[in-house]
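Trainee: I would be grateful for a close look at one part of this structure, set within the whole chain.

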Amino acid sequence: MSSNAATLPARSAKSTTPSTATLREDLQALKTDLDTLLGHAAELTDVELHDAQERILTKFSSLRFAAKGIAVEAGRQFHHGVEVTTDYVKEKPIQSIALAVSFGTLLGVIIGRK
């Protein structure tokens, strides 16, 4: 295998949900690997191209899995926020109305200035 194909390191899937920063870094690494592969594709043999394709598909699959994990966590946090807000409104309805009116007024003033 040529050294060009060897520049595409294989990464293993992480067992924990990565952060968005980690996912962003992994996406950048995948982009760099794809650019490298495209730049040297004419110099590689069929076997080397196939190996590089397998590594890139493995990375893509891992990134897709990580993105799904982040989406699930975001959904969980959103639902938790909805539950907390609902509980607050039930416990303190007058304060909730006052807060909503205040926020609406502030938003109206900000939008009205444009």
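Mentor: From the N terminus on, the elements of the protein chain run α-α-α-α, that is, four helices and zero strands; helices (H or I, at least four residues) and strands (E, at least two) are DSSP runs, numbered from the N terminus. This is a predicted model, in which local features need pLDDT of at least 70 and side-chain atom pairs count only at pLDDT 80 or more, while totals for chains, interfaces and linings use all residues. Residues are numbered from 1 along each chain as its sequence is written, and side-chain values use heavy atoms, with hydrogens and water left out.

The part to examine is the last helix in the numbering below. Helix 3 (residues 46-91) and helix 4 pack with their axes 5 Å apart, at an angle of about 115 degrees; the two are therefore roughly perpendicular to each other (65 to 115 degrees; axes are lines fitted to C-alpha atoms, for helices over the stretch in contact, and angles run from 0 to 180 degrees between N-to-C directions). Tyr88, Val89, Lys90 and Glu91 in helix 3 meet Pro93, Gln95 and Ser96 in helix 4, where contact means heavy atoms within 4.5 Å.

Ile111 also lies in helix 4 (residues 93-112). Ile111 counts as exposed because its relative accessibility is 54%; exposed means over 50%, buried under 20%, and partly exposed in between (1.4 Å probe, protein chains only). Of the 114 residues of the protein chain, 17% count as buried.

Definitions and conventions. Angles under 35 degrees count as roughly parallel, over 145 as roughly antiparallel, 65 to 115 as roughly perpendicular and the rest as oblique.
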